[in-house]
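Biologist: Please take a close look at one part of this model, the second largest pocket, and set it beside the other empty spaces. Which residues line it, and which elements do they come from?

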Amino acid sequence: MQIGFNKPYLCGSETEYIRQAVYSQKISGDGEFTHRCHQFFEKRYRFRKVLLTTSCTDALEMAAILLNLQAGDEVIMPSYTFVSTANAFVLRGATIVFADSSADNPNIDADSLEALITPRTKAIVPVHYAGVACDMEKIRQVADKHGIFVIEDAAQAIDSFHNGKPLGSLGHMATFSFHETKNIMAGEGGMLVINDPQFISRAEIIREKGTNRSAFFRGEVDKYSWVDMGSSFLPSDIVAAFLFAQLENIDDIQSRRKAIWQQYYEGLKPLAEKGYFQLPRIPAYATNNAHMFYLVCHSLEERTQLIGFLKKQGIQAIFHYLSLHNSPFYENKHDGRKLHWTDHYTDCLVRLPLFYELADTQIAYIIEQFQAYCATVDRAVAVAN
Ligand SMILES: *Cc1c(COP(=O)(O)O)cnc(C)c1O
C-alpha cells in the first residue's frame, strides 16, 4: 500500500464555478465569487472585514505594511513557524524577536512574552499551530497592557475556536491560507481579516496598488488616484470561484477530517501510553480543526527511525519546521537565547497523512504499522507522557 502525505480534495463544483467566473466577463479581482467568499466569512465567523489575497504570505505582508513599522521596531513571534510569518516583517525592516514554544504544544509560550517586551515592541504574532488556539487570553492581556498589536497567523486555523470565539477574530488582524495543503484550499490563496476598524480603509488601498480604486467602484470618490504605498495583493475571481466551491462544503470536509484525526488518536493512544511517543495536546480553551495529525518522538534518532520504517511500508510521514532562530538567514541576527522547546519540535515532531480521501482501511493499516514498529523498538520507554 502506498499512502502519500497529502492529496488535494476536490468537492466537484470547482470547475463549474471557474467556468462561470471565466464567462462572467469579470475575471480580475473583486468579482462576484470574491464577493461571495467575503460574505461567507463575514457571516459565518462575524469577522469585521475580510479581504481575499493571493496567499497568506501576502496577507501577512499587508498586515506588516498596515502597522507602519520603522526599521528596528520589534515583532515577537514563535521560532517554530513557516518562514512567511517572519519574512513579512523583515521586509519592513523590523527585528524579529523569537519566542520559545510551550512544553505542551508547538504554540508560542505565552508566559515567556512579558520578558521579551521592550519599548520598541510593536506586535506579537501568535501562530495557531495545527489549527489549535494559542493562549489568546494571556497574549491579549500582555499586548493590551503594553499597547502592542496582535496579528494572528491563522494560516492553519480555519473553523477553529478559542473559548467559543473563532480564531481570526481575536487579534487586531489575522491571516489565513488557502494553499493546497490546508483544510480549505484554492491551490494558492489567502485572506486578511481586519478586526480593528482603524485599518480597514487603508487595507483596501494597499491591496489595490496604493489606489482608492475600491472606494471609486463603490461610488465614494469620483476618480481614483495613487494615495498611499501598496501592491497587487488581490486574487483573480477564478481563484475565488475555486475557493467558494470548497467553502460551500466546509462542514463535510471538516467532519471527515475530524473523524480521521479521532481514528488516529484512539488507535495510537495505547502506544503513547506505553511511552513510545507523545500525542497532540489540545488545551481546554481550544478546539481541534483537524488540520494536522502529529506525534512527538523522544529524539531526532527515534524520529528518523520511525519515518524510515513507515517509508518502507509505503507511508509518507514527514517532519515539519526547522527553527527560524537557527536558520542560515537569521542565526547571526538572533540574540543567542536558547529556545529549548522550539528545537525539541524541530527534531522530534512528525506529521502523518491526513486528507479527506484517506480511507478507514488506510488509517487502520497505518496504525498496524505503528504497532509493528513499536514491537521492534526494544527499549519500552516508559517516559512520562
Ligand atoms: C501555510 C502557512 C503560511 C503560508 O501560507 P501561503 O498561503 O502559502 O502563503 C504561513 N504561515 C503558516 C503558519 C502556514 O502554515
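Modeller: What follows describes that pocket and then turns to the other spaces. The model is a predicted one, and in it the second largest pocket holds about 440 Å³ of space. Of the 20 residues that line this pocket, Asp30, His35, His38, Ser214 and Arg218 are the closest to its centre. Two or more lining residues come from each of helix H2 (32-44), strand E1 (49-53), helix H6 (200-207) and helix H7 (213-217), and among these elements H2 gives the most, with 5 residues. By class, the lining of the second largest pocket divides into 3 nonpolar, 8 polar and 9 charged residues.

The largest pocket, for its part, has a volume of about 540 Å³ and is lined by 31 residues, with Phe82, His179, Thr181, Lys182 and Tyr321 lying nearest its centre. The elements that give two or more residues to that lining are helix H3 (56-66), helix H4 (83-90) and strand E11 (349-352), and by class the lining of the largest pocket has 13 nonpolar, 13 polar and 5 charged residues.

As for enclosed space, the count comes to 4 cavities of 30 Å³ or more, and the largest cavity has a volume of about 90 Å³. Lys7, Tyr9, Lys182, Asn183 and Arg257 are the closest to the centre of the largest cavity among the 13 residues that line it, and this lining has 6 nonpolar, 3 polar and 4 charged residues. Lys182 is thus named both among the residues nearest the centre of the largest pocket and among those closest to the centre of the largest cavity.

How values were computed
Residues numbered from 1 in each chain as written. Predicted model: local features only at pLDDT ≥ 70, side-chain atom pairs only at ≥ 80, totals over all residues. Heavy atoms only, no water. 1 Å grid on protein atoms, 1.4 Å probe; cavity = no way out; pocket = protein on both sides within 12 Å on 5 of 7 lines; lining within 4 Å. Points joined across faces, edges and corners; volume = space filled by probe spheres on them. Nonpolar A, V, L, I, M, F, W, Y, C, P; charged D, E, K, R; others polar. Helix = DSSP H or I, 4+ residues; strand = E, 2+ residues; numbered from the N terminus.
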